[in-house]
Amino acid sequence: MDSALVYRDMDIGTAKPDADELAAVPHHLIDIIDPADSYSAAQFVNDANALIDAIRARGREPLIVGGTMLYYKALTQGLNDLPQADAAVRAELDQLAAERGWPALHSMLAEVDPVTAARLAPNDAQRIQRALEIHRLTGQPMSSLLARQAAGRTFDGAAGSRFRVIALEPSERAALHARIEARFDAMLEGGLIDEVKRLRGRGDLHLGLPSMRCVGYRQVWEYLDGTTDYATMRERGIAATRQLCKRQITWLRSTPERLVVDCLAPDYVGQVGRLAGIG
């Protein structure tokens with residue numbers, strides 16, 4: 001359940017499982033599309049449901065792991081009835097962003113959809129673009145459309161879900177921040193810059209693509225463009241990861257059906273196993 005692991009040739013910056021891990025346990029929805037292509041929540045739901053049925057038909061239990069909470073929401077609660085992406089509108093918004101910067105478009109969003117703008121960072125390009133796109137296509141704020149659709153749902157996560165939801169949440173924010181910094185440094189030491197160089201060398205990728213907007217890749221790309229120095233790139237990469245984790249925790253805390261395990265506890269693996277019925 002990860003919107004970055006689906007891309008081929010993006011291994012270090014996505015913390016993709018290594019060869020030994022992939023060989024030890026069957027994995028799915030990894031390395032399934034090219035970075036020049038896009039992958040949606042709708043595609044994930046279709047793929048995940050097909051895999052769940054196939055795995056259970058073999059007498060096995062599927063474990064859905066990862067941090068793309070939009071995918072989780074789509075899988076468990078259904079997809080929102082929002083308009084499809086419009087290439088012309090997106091191209092126009094990309095052009096505006098190139099001229100004015102994403103913080104300026106964030107300000108534009110705040111004028112037409114203050115609720116959505118309030119929960120987005122000024123440089124959250126992908127989500128700002130989507131919210132502005134929906135407003136231009138429908139004439140209505142995305143937040144209003146989502147609120148109306150949510151009010152009409154009858155999903156009961158505690159009683160009606162076929163999933164047992166286990167959330168790994170840190171009890172200490174400082175420890176989480178230390179792990180984030182160490183993780184990003186390990187990626188840099190492990191060859192993230194060379195990985196992005198290879199991707200840039202293809203010639204068909206750019207920062208407007210969802211793949212290159214992934215945390216870490218955008219910051220290294222800008223460093224290779226010469227718009228930032230190494231220290232700034234590292235700082236921005238760590239900051240972007242913190243923002244991502246903050247959004248993930250906010251999503252998790254709005255999920256009442258979850259069973260919480262402190263990922264800083266020494267026996268957290270055993271706790272997860274017992275809750276999942278595999279320990």
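Here are some exercises on the predicted model above, each with a worked solution.

Some ground rules: residues are numbered from 1 along each chain as its sequence is written. Because this is a predicted model, local features need pLDDT of at least 70 and side-chain atom pairs count only at pLDDT 80 or more, while totals for chains, interfaces and linings use all residues; side-chain values use heavy atoms, with hydrogens and water left out.

**Exercise 1. Work out how many helices and strands the chain has, and what its radius of gyration says about its overall build.**

Solution. Start with the elements: the chain has 14 helices and two strands. These are DSSP runs (helices are H or I, at least four residues; strands are E, at least two), numbered from the N terminus. Next, take the radius of gyration over C-alpha atoms and apply the globule rule, 2.2 Å times the number of residues to the power 0.38. For 279 residues a compact globule would come out near 19 Å, and the chain has 20 Å, so the two agree. Finally, the C-alpha trace spans about 55 × 50 × 35 Å along its principal axes.

**Exercise 2. Find which residues touch the most other members of the largest nonpolar core, and which elements feed that core.**

Solution. First, what counts: a nonpolar core is a set of buried Ala, Val, Leu, Ile, Met, Phe, Trp, Tyr and Cys residues joined through side-chain atoms within 4.5 Å. Buried means under 20% relative accessible area, exposed means over 50%, and partly exposed is in between (1.4 Å probe, protein chains only). Now the residues: the largest core has 40, and Met-10, Tyr-39, Phe-44, Leu-192 and Tyr-217 touch the most other members. Two or more residues each come from α2 (41-57), α3 (69-77), α10 (173-189), α11 (192-201), α12 (217-225) and α13 (230-253). Don't stop there, though: a second, separate core holds 17 residues, including Leu-82, Val-89, Leu-96 and Leu-145.

Zoom in on Tyr-217 and list its contacts (heavy atoms within 4.5 Å). Leaving out residues up to four places away in sequence, Tyr-217 touches, among others, Met-10, Leu-192, Val-196 and Leu-199.

**Exercise 3. Say which residues of α3 are buried and what covers them.**

Solution. Walk along the helix: Met-69, Tyr-71, Tyr-72, Ala-74, Leu-75 and Thr-76 are the buried ones. Their cover includes α2 and α13. Just after α3 you reach Gly-78, which has a positive phi near 90 degrees.

**Exercise 4. Locate Asp-9 and Asp-31, and check their phi values and exposure.**

Solution. Most residues other than glycine have a negative phi. Asp-9 goes the other way, with phi near 65 degrees, and sits in the segment before α1 (19-24). Its relative accessible area is 48%, so Asp-9 is partly exposed. Asp-31 also has a positive phi, about 60 degrees, and lies in the loop between α1 and α2. Asp-31 is partly exposed because its relative accessibility is 33%.

**Exercise 5. Decide whether Met-142 is buried or exposed, and find its contacts.**

Solution. Place the residue first: Met-142 belongs to helix α8 (residues 142-151). Its relative accessibility is 7%, so Met-142 counts as buried. Beyond residues up to four places away in sequence, Met-142 touches Leu-82, Asp-113, Thr-116, Arg-119, Ala-131 and Ile-134. For a sense of distance, the C-alpha atoms of Met-142 and Glu-222 are 30 Å apart, with the two positions 80 residues apart along the chain.
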